[in-house]
Amino acid sequence: MIDKNVKRKLAFLDEEIKTLKKEDRFIKPRVLHSAQKPVSIIDGKKVVNLTSNNYLAMADNPAVKKAAIDAINKYGVGSAAVRTIIGTMKIHKELEEKFARFKKTEDSILFQSGFTTNVAVCQSLMTSEEYLLISDELNHASIIDGARLAKSPRKIYKHKDMNNLREILESPESKKAKRKLIVTDGVFSMDGDITPLPEIVELANKYDAMVMVDDAHASGVIGKQGRGTVNHYGLDGKVEIQIGTLSKAFAAVGGYAATTKNMTAYLGSVARPFLFSSSQPPSVAATCIKILDILLKEPKYLKQLWDNTNFFKEELKKAGFDTGESVTPITPVMVGDSSKAIKFSNMLFDEGVFSLYIVYPTVPKGKERLRAIVTAGHTIKDLEFAVSKFIKVGRKLGIIN
Ligand SMILES: *Cc1c(COP(=O)(O)O)cnc(C)c1O
């Protein structure tokens with residue numbers, strides 16, 4: 001029984017929830033009843049799943065699962081300590097070395113999630129009001145929160161607008177800043193477009209700013225063997241910090257910064273999430289080590305991801321859908337209206353396809369959409385089925401003719 005005083009004091013939440021519902025911002029997630037698979041059981045129904053970030057379909061790969069289980073048998077289920085106390089296991093070090101090699105950097109450092117990695121780096125580097133953090137307007141929420149925790153002021157440049165970035169770098173605030181950090185997503189998570197990194201690096205060198213690229217949606221997806229945005233542009237060794245996540249193509253949970261040895265040494269001594277939140281279960285490290293091995297040895301997964309992506313996008317475009325600016329597996333299907341996008345997603349689900357709606361405030365008003373992400377595990381049959389349902393429901397709702 002909950003005490004009536006507790007109920008009374010929390011009654012304001014009923015009002016908050018009412019407002020959220022009125023504004024289409026109330027979230028009640030669907031529930032996965034199976035592993036994260038190309039065809040999953042969601043809310044008890046078998047559907048083609050186009051909503052995960054399981055790019056390489058590794059979440060239930062038998063060899064990966066075996067590696068995780070072996071690690072549990074060898075190291076147990078958790079470290080029960082933060083990294084700086086006695087939570088650093090040999091397998092964490094091994095993974096950090098592997099990510100460094102994968103990203104062609106000197107070293108890398110693991111964090112508990114991609115979110116905490118961004119927060120950790122921004123907060124640890126931007127420790128003075130005399131510094132300046134410069135961020136693309138469509139960067140991920142975790143970069144925004146990292147910038148909020150930083151002591152430095154921040155400037156936001158228009159999405160991928162290099163003239164605007166140059167203007168900021170030439171501004172008096174930037175000129176007098178003693179340390180500057182330009183932060184950008186590699187692949188933008190809602191639109192699937194890629195940052196113009198060569199131009200950013202050129203400007204950064206000219207104006208003496210560091211560059212940090214968040215490759216959450218790029219690692220395991222673009223670049224040679226899935227090495228990410230920096231490699232995709234042939235800029236290996238030319239970017240100060242590459243952020244990655246273990247939670248998307250790497251199918252587990254966690255994040256890392258691939259960077260120089262002095263940077264990991266510094267972050268490992270001051271980054272608050274590293275110091276005050278426990279390390280990952282060893283099975284997570286084993287999972288990622290195995291997936292890295294697979295990526296390097298078996299190109300078929302990456303090839304399948306891109307074959308599927310190209311097929312799916314082409315078919316949607318042929319049907320008349322607007323799939324935006326995407327050049328990656330993230331495929332927005334533009335709707336332009338909140339309740340219509342929600343309806344589209346729900347009707348598709350009833351037809352056996354799950355593609356989640358994305359509405360304001362995640363995207364601007366008028367840019368409401370569904371977001372579909374194919375994986376290496378989808379078959380052409382799965383994708384043909386999904387496209388046929390997009391067409392059927394899209395016509396019913398007047399999104400296509
Ligand atoms: C998903 C995502 C993150 C957060 O990663 P997690 O490991 O899930 O915390 C950070 N940045 C970007 C661009 C993302 O898309």
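This is a tour of a predicted model, stop by stop, with a selection to make at each one.

Residues are numbered from 1 along each chain as its sequence is written. Because the model is predicted, local features need pLDDT of at least 70 and side-chain atom pairs count only at pLDDT 80 or more, while totals for chains, interfaces and linings use all residues; side-chain values use heavy atoms, with hydrogens and water left out.

**Stop 1: helix H14**

Select residues 282–297, which form helix H14. Helices (H or I, at least four residues) and strands (E, at least two) are DSSP runs, numbered from the N terminus. The expected span of a helix is 1.5 Å times one less than its number of residues. For the 16 residues of H14 this gives 22 Å, and the end C-alpha atoms are 23 Å apart, which agrees.

Now colour H14 by burial. Buried means under 20% relative accessible area, exposed means over 50%, and partly exposed is in between (1.4 Å probe, protein chains only). Twelve of the 16 residues of H14 are buried, so the helix is mostly covered. Among them are Pro282, Cys288, Ile291 and Leu295. To see what covers them, show helix H3 (62–75), helix H5 (90–103) and H15: the buried residues of H14 pack against these three. Contact here means heavy atoms within 4.5 Å.

**Stop 2: H15 against H17**

Add helix H15 (residues 300–318) and helix H17 (residues 380–396). Two packed helices are described by the angle between their axes and the distance between the axes. Axes are lines fitted to C-alpha atoms, for helices over the stretch in contact, and angles run from 0 to 180 degrees between N-to-C directions. H15 and H17 pack at about 25°, with their axes 10 Å apart. Angles under 35 degrees count as roughly parallel, over 145 as roughly antiparallel, 65 to 115 as roughly perpendicular and the rest as oblique. H15 and H17 are therefore roughly parallel to each other.

The crossing of H15 and H17 is right-handed. A crossing is left-handed if the near helix is turned anticlockwise from the far one by less than a right angle, and right-handed if clockwise.

Show side chains next. From H15, select Asn308, Phe311, Phe312, Glu315 and Leu316; they meet Ile380, Leu383, Glu384, Ala386, Val387 and Phe390 in H17. The residues of this contact divide into eight nonpolar, one polar and two charged. Ala, Val, Leu, Ile, Met, Phe, Trp, Tyr, Cys and Pro count as nonpolar, Asp, Glu, Lys and Arg as charged, and the others, Gly among them, as polar.

**Stop 3: H16 against H17**

Keep H17 and add helix H16 (residues 338–350). The axes of H16 and H17 come within 10 Å and cross at roughly 135°. That makes H16 oblique to H17. The crossing of this pair is right-handed.

In H16, pick Phe344, Met347 and Leu348, which meet Lys389, Phe390, Val393, Gly394 and Lys396 in H17. This contact has five nonpolar residues, one polar and two charged.

**Stop 4: Pro329**

Go to the loop between H15 and strand S10 (330–334) and select Pro329. At 1% relative accessibility, Pro329 counts as buried. Leaving aside residues up to four places away in sequence, Pro329 touches Tyr55, Val221, Leu305, Trp306, Thr309, Lys313, Ala372, Ile373 and Val374. Ala372 is 43 residues from Pro329 in sequence, and the C-alpha atoms of the two are 8.1 Å apart.

**Stop 5: Asn118**

Select Asn118 in helix H6 (residues 114–125). Asn118 is buried, with a relative accessible area of 1%. With residues up to four places away in sequence not counted, Asn118 touches Ser142, Ile143, Gly146, Met212, Asp214 and Ile243.

**Stop 6: backbone details**

Most residues other than glycine have a negative phi, and most peptide bonds are trans. Three places depart from this.

- Tyr360 and Pro361 are joined by a cis peptide bond, with omega about 10°. Pro361 is in the loop between strand S12 (357–358) and strand S13 (369–373).
- Gln225 has a positive phi of about 55°. Gln225 sits in the loop between strand S7 (210–214) and helix H11 (229–232) and is partly exposed, at 25% relative accessible area.
- Ala251 has a positive phi near 60°. Ala251 is in the loop between strand S8 (241–245) and strand S9 (255–259) and is partly exposed, at 26%.
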